[in-house]
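This report goes through one protein model, from its overall make-up to its interior and then its surface. Please keep the sequence and the structure at hand while reading.

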Amino acid sequence: MQGPTASSSLASGSRPARPPLIGQARAAGYQTHLISAHPTTNMLPSFMAAFESFKQMPEVSGAPLTWQALAWLQGPRQRPFFLWLHYMDTHEAAAAPTAH
């Protein structure tokens, strides 16, 4: 796939017209859903437009986001789906384990 990805465009400060993978999935008939813990995801209208539905859960930890995803997965499906989970936990500082 050519062109910038959603993550490289966001990192550079520009806003992507549509994340390529999501756009391709949606064009192929996939149901697209986003569950995001990022507090400003909804401030990217072109990004959000790629999804048929979304759930914004600002700054929650991984467990509640995962439970929300599992609940969504239990819902009825008429077609294949693309589910994007945006965790914030991985952005926290991590300390190296101490030697034993």
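## Overall make-up

Accessible areas here come from the Shrake-Rupley method with a 1.4 Å probe. On that basis, the accessible surface of the protein, which is a predicted model, comes to about 6,600 Å², and 59% of this surface belongs to carbon and sulfur atoms. Of the 100 residues in the protein, 27% are buried.

Four helices and three strands form the secondary structure, and they follow one another from the N terminus in the order α-α-β-α-β-α-β. Among the contacts between residues at least 6 apart in sequence, 50% join residues that are at least 24 apart.

## Helix α2 and its cover

Helix α2, which spans residues 20–27, has Ile22, Gly23 and Ala25 among its residues, and these three are buried. Seen down the axis of α2, the buried residues fall within an arc of 160°, so they line one face of the helix. The cover over these buried residues includes β1 (31–36), α3 (45–48) and β3 (81–86). After α2 comes Gly29, which has a positive phi, near 95°.

## The nonpolar cores

In soluble globular proteins, nonpolar side chains tend to be buried together. The largest nonpolar core of this model has nine residues in all, namely Ile22, Ala25, Leu34, Leu44, Phe47, Met48, Ala50, Phe51 and Phe82. Helices α2 and α3 each supply at least two residues of this core. A second core, separate from it, has six residues, among them Ala37, Met57, Ala69 and Trp72.

Which residues does Phe82 touch, not counting residues up to four places away in sequence? Phe82 touches Leu21, Ile22 and Ala25, and also Tyr30, Gln31, Thr32 and His33. Of these partners, Ile22 and Ala25 belong with Phe82 to the largest nonpolar core.

## A nonpolar patch on the surface

Nonpolar side chains also occur at the surface, where Trp67, Leu70, Leu73 and Phe81 make a nonpolar patch of about 400 Å². Helix α4, covering residues 62–73, gives the most to this patch, with three residues.

Leu70 is found in helix α4, and its relative accessible area is 38%. Why does Leu70 count as partly exposed? Partly exposed residues lie between the cut-off for buried, under 20%, and the cut-off for exposed, over 50%, so Leu70, with a relative accessible area of 38%, is partly exposed. A residue of a patch needs over 30% relative accessible area, and Leu70 has 38%.

Note on methods
Residues numbered from 1 in each chain as written. Predicted model: local features only at pLDDT ≥ 70, side-chain atom pairs only at ≥ 80, totals over all residues. Heavy atoms only, no water. Patch = residues over 30% accessible without salt bridge, like charges linked within 9 Å, V, L, I, M, F, W, Y side chains within 5 Å. Salt bridge = Lys/Arg side-chain N within 4 Å of Asp/Glu carboxyl O. Buried < 20%, exposed > 50% of the residue type's maximum accessible area, 1.4 Å probe, protein only. Arc of directions from axis to C-beta. Contact = heavy atoms within 4.5 Å. Core = buried A, V, L, I, M, F, W, Y, C linked by side-chain atoms within 4.5 Å.
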